[in-house]
Every structure is written in C-alpha cells, then in structure tokens.
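Visitor: Could you take me on a close look at one part of this protein? I'd like to know what goes on among the aromatic rings.

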Amino acid sequence: MHIYQLLLVGSIILMLMLIILVGMINQKKQIHYAVMGIAISLLLWNTSVLAQISFPTTPWILIVSEKGYFAGIIFVSLAVLLTGLIFSQIRIQLSWKYALLLIIPMISLIVLLTNAHHHMFYTTFSLIPSQQDFGFFYKIHTVYSYLSVGIGLLFIMSFAVKNYGFFSRQAFLIFFALMIALVADSFSTFHIFNWSAAVENVIFSVTVIIFILAIKKYNFLSVVPIALQTAVDLISDVFVVFSEEFEIIDFNKSFDMNWDGVERRAGIGQVIKRNCQSFDEEQFYELVNGAAWKQTKEDFEIERILMGNTKYYMSEITPIIVKGQHVGTIMLIKDITEQKNNLEEVIRLNEKLQSLATKDWLTQAYNRYYFDERLEQAIEQLQYSQVHGTEEKNFSSGLGLIMFDIDYFKIYNDLNGHQAGDELLQSMVEMVKTEISSDDVLCRYGGEEFAVICAHTSIDNLIITAENIRYLVEQYEFKHQETQPSGTLTVSVGVAYCDIPACKGSDLIHEADQNLYKAKNSGKNRVVV
C-alpha cells in the first residue's frame with residue numbers, strides 16, 4: 001500500500017512538472033492547451049486514485065475521488081485527439097464540427113454525476129478492474145475514448161511518416177508516449193492483467209516523462225510542420241527554420257557544420273551576427289516581420305569574413321503562413337561568392353573596355369571619339385537651355401572650347417627621343433587636369449594637340465582658364481626643357497566661345513583651331529580668342 005502511494009505521489013509530481021513546464025511558455029498556442037488538457041486529466045485521475053488508497057474510511061473523500069477518477073478518464077481521450085489534430089495541422093479553426101466532439105464527454109460527465117440514481121455508468125466501483133461493475137453507458141464512453149485516442153495517434157503517426165527531419169523525431173516520440181498509455185489502459189479495461197489502477201497510473205507517468213523529454217530535448221510544442229526531406233541535409237545551401245520569436249527550430253547539416261553557435265532555440269539573429277560582424281539584426285527582424293505581413297519572399301545579402309577572405313551569401317526568407325497566420329519562417333542561405341567575384345570581374349572588365357574605348361591609351365586623357373560625342377552633347381544642352389530658359393538668371397550658360405599645342409614638340413622629340421616625348425605628354429595631361437574644373441573635359445585631339453570642352457561658362461572665365469593653362473606650362477620645370485629654342489617649354493592656345501542656340505560643333509572647332517594657328521604664327525606661348 002505504501003509503495004503504491006509513493007509511486008502515485010511521484011506520478012503526480014511529474015504531471016505537475018509538465019503542467020508548470022507548459023504553463024511557463026509565453027504566447028501559448030493551441031498545442032500548449034491540448035497538452036495541458038492531457039496533463040490535467042491525468043493529474044485528476046492520479047489524485048483520485050491516491051485519495052482512494054490513502055483515505056479508505058472517509059466516505060466523502062471516496063465519493064469525490066470516484067467521480068474524479070472517471071472524470072479524468074473521460075477527458076484525457078478528448079485531449080489526446082485534439083493534441084493529434086493540432087500537432088499535424090499547427091492550429092485548427094474552432095467551429096461547430098469540433099464542438100460535436102464534446103457531446104459524448106459531456107453526456108458521460110452528466111451520467112457520471114447522476115450515477116447514484118440510475119447506475120448507467122457503474123454499479124460497483126473498485127480500483128481492481130475485475131471487481132468493477134459497469135453500466136451500459138460506460139461501454140459507449142469506452143468506444144468513444146478508444147476511437148478518440150486511436151484517431152489522435154493516427155494523425156501523429158501519419159505526420160511522422162510524411163516527414164523525415166527533426167519534426168518526425170518529435171512525432172515518433174509523442175506517438176510512442178501515447179501508445180504506452182493506450183496499451184496500459186487496454187490491459188486494464190479488457191482484464192488482460194488484473195492489476196490495481198494504481199499500477200496503471202504509474203505506467204501513465206512514463207508517458208508524462210516522455211512528454212517532458214520531448215519538450216526539453218526536441219523543442220516539442222514549438223513545432224512548425226514542414227516536410228523536411230532527406231535531401232535537405234544533402235544540399236550545400238543553408239536551410240534553417242525559425243519561429244515567430246526568431247528562435248531556431250530546425251536546420252540542415254550545412255548550417256550546423258559551417259556556422260558557429262548553431263543550436264535549437266538559439267536566436268537566429270544572434271547566430272548570424274556571431275558569424276557576420278556587419279550583419280544588422282534590427283534590419284533583419286524588420287525584414288522578416290515585413291515579409292510575414294505582406295506574405296511574400298524577401299532577399300538580402302550577407303557578407304562574412306572567413307579565414308581572411310570575404311564570403312558573400314544571398315539569403316531568401318519565406319514566411320510560413322497557415323490559415324492566414326504567420327507561424328514561422330524558412331531561410332535559405334546560398335553562397336554567391338564565386339558569382340559575386342565573377343560579376344565584379346565583369347564590371348572591372350567593362351570599365352576597362354569603356355576606358356579603352358573613350359580614353360587615349362598613352363596619356364589617359366579622353367580620345368578624339370569621346371571629344372566629338374561630348375561636344376555634341378554640350379551643344380544640345382546649350383541649345384535646350386537657351387530655347388527653354390532652364391538656366392538660372394545671371395548664370396553663365398555659354399560653351400567654350402580651348403585648344404592648345406606644345407610649341408616645338410618635334411624638336412623636343414628629335415633631341416630627347418620619343419620616350420621622353422611620351423613622358424612629356426603624360427606630364428602635360430596630369431598638370432592641366434589640376435587647372436580645369438571637374439565639369440570640364442580634357443581630350444587629346446591629336447599628336448601634341450589637346451582640347452578642353454568648358455560647358456556652362458562665360459567668356460571671361462574661359463579666357464582665365466586658357467591663360468592659366470598657358471602660364472602653368474610656362475612656369476613648370478619640365479625635363480629637358482632647356483633644349484627648347486626659347487629655353488623653356490611652352491604651349492600656344494586658341495579659344496572659341498558660343499552662347500547662341502545656333503551654335504555648331506564644327507564652327508566651334510574651326511574657330512578654336514584658327515585661333516591656335518594665329519597663336520603659333522604670332523610668336524607662340526600666347527592665348528588667342
């Protein structure tokens with residue numbers, strides 16, 4: 001007798017632990033309440049058996065515990081059925097068809113409470129099954145109970161068969177726990193073993209232990225039913241499922257083996273941040289919540305420093321929506337480092353091709369092709385602004401062209417060699433770039449002749465720029481300049497300007513070239529406008 005009491009007290013403690021464990025979960029869902037129903041029903045059943053054993057001579061306790069004994073049995077089967085339904089579907093939409101499930105349990109409860117008047121539930125009560133004498137309605141209740149438990153187990157088992165990942169381990173464990181309870185109860189109901197109800201209750205405590213194990217080890221009750229095929233573990237891309245609270249529920253081997261800190265219940269944001277220092281957690285949470293609200297997929301890029309090298313990942317988050325409710329998120333992380341590097345190489349090559357197409361290979365000034373293109377664009381802009389009046393009042397809106405040529409360049413080449421001549425052209429370009437504005441375009445027009453397109457300028461500013469170029473060259477100490485006829489290296493400059501809509505590129509080039517010719521023939525080292 002004392003051994004039974006101790007075992008029942010242990011069972012009751014385990015059931016209280018399960019109730020407390022589930023009760024401590026924040027934001028409870030339907031599955032939590034269903035498991036709580038199982039635990040409370042078993043607690044009522046065990047407590048009633050303990051009261052029967054402990055107080056055999058107290059009439060009112062015996063009467064109350066009899067009712068409690070059967071009440072626990074009545075509702076535990078319904079709780080098992082609802083647990084199976086919710087486990088396989090995440091949540092069920094409560095409606096009249098589910099209310100029908102309550103009809104038999106409620107009738108059974110009414111018959112139980114009024115049993116003293118009709119004995120349709122039982123005639124003789126005993127903790128030994130063979131000594132019990134039941135009424136006809138108890139048989140109806142028994143059929144209903146076994147059907148409920150059987151259907152609940154069927155839902156859990158079918159879910160486990162269809163899924164092969166972490167979730168199936170949960171399902172098989174819960175199925176096994178409930179099967180133990182079902183077999184133990186059937187042994188008593190059909191008098192296979194004529195043991196005391198206390199033994200049956202102790203066996204049921206094993207079910208509770210497995211439930212606690214499932215909650216603690218396999219994160220049961222935070223499950224999101226995703227069909228995780230065996231292939232998920234074979235793919236090289238990362239696959240991870242996390243809950244509404246951003247806690248990791250399941251993942252594949254790629255995530256586990258290649259990322260640090262991966263474990264169930266860990267925060268997904270913290271895990272990614274641990275591996276990717278530049279990762280923005282807050283922005284990630286907003287993106288996930290936004291995707292859930294819009295019920296759409298979202299992509300974002302992650303950078304990760306790994307062994308001194310930068311790895312690039314494209315992440316795709318897909319909200320899991322069940323019956324209009326967001327219950328979790330799937331995230332795929334694909335390594336795009338190779339594609340990213342290839343793209344950067346393509347961009348670099350395109351930039352190089354663009355440079356080769358538009359710039360002079362020797363001096364890196366723009367070439368003649370680019371000069372013609374930009375001059376036409378500048379003229380079109382001038383014509384548009386003059387006709388449509390888009391220029392601000394008092395804003396200089398003319399177009400200027402400066403053409404300059406190195407004086408006695410042939411002599412410099414002949415005396416110092418072509419390599420020195422090439423170096424002179426390169427130095428000339430670098431020096432002139434420091435004098436013109438960022439909007440001006442410096443081009444190598446041909447040989448030792450250069451042109452500068454100056455858009456949105458006035459005639460006064462144009463002349464100042466041209467004179468500054470001439471003066472800068474004259475004052476600069478070039479290599480071998482002492483071999484020049486004048487003892488220094490100089491340039492001659494021709495300038496043309498236009499501020500009317502009828503301006504033509506060919507006229508502007510012709511005028512600037514003629515003025516350059518005049519500067520050459522009137523003593524060199526001068527500007528002619």
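Guide: Let's start with the rings around one tyrosine and then step outwards. What you see is a predicted model, so local features need pLDDT of at least 70 and side-chain atom pairs count only at pLDDT 80 or more, while totals for chains, interfaces and linings use all residues. Residues are numbered from 1 along each chain as its sequence is written, and side-chain values use heavy atoms, with hydrogens and water left out.

Okay, find Y138. Together with W45, Y69, F70, F121, Y122, F125 and F134, Y138 forms one aromatic cluster. Two rings count as a pair if their centres lie within 6.5 Å, using the rings of Phe, Tyr and Trp (for Trp, its six-membered ring); planes under 30 degrees apart are called stacked, over 60 edge-to-face, and the rest tilted. The structure holds 26 aromatic pairs.

Take F121 and Y138: their ring centres are 5.3 Å apart and their planes sit at 85°, so this pair is edge-to-face. F121 is in the loop between α6 (115–118) and β1 (122–124), while Y138 belongs to helix α7 (residues 136–162), so the pair ties together parts that are 17 residues apart in sequence. Those labels come from DSSP runs numbered from the N terminus: helices are H or I with at least four residues, strands are E with at least two.

Now swing over to F134. The rings of F134 and Y138 have centres 3.9 Å apart and planes at 10°, so that pair is stacked.

Are these residues buried or exposed? Both F121 and Y138 are buried, meaning under 20% relative accessible area, whereas exposed is over 50% and partly exposed is in between (1.4 Å probe, protein chains only). For Y138 the value is 11%; F134, at 24%, is partly exposed. Across the protein chain, buried residues make up 48% of the 529 residues.

Rings can have charged company too. A charge sits over a ring if NZ of Lys or CZ of Arg is within 6 Å of the ring centre and within 35 degrees of the ring normal. Check out R264, which lies over the face of F251, 4.9 Å from the ring centre. Then there's K359, whose charged end sits over the ring of Y366 at 5.5 Å from its centre.

Zooming right out, the protein chain has 18 helices and twelve strands, and our Y138 sits in one of those helices, α7.
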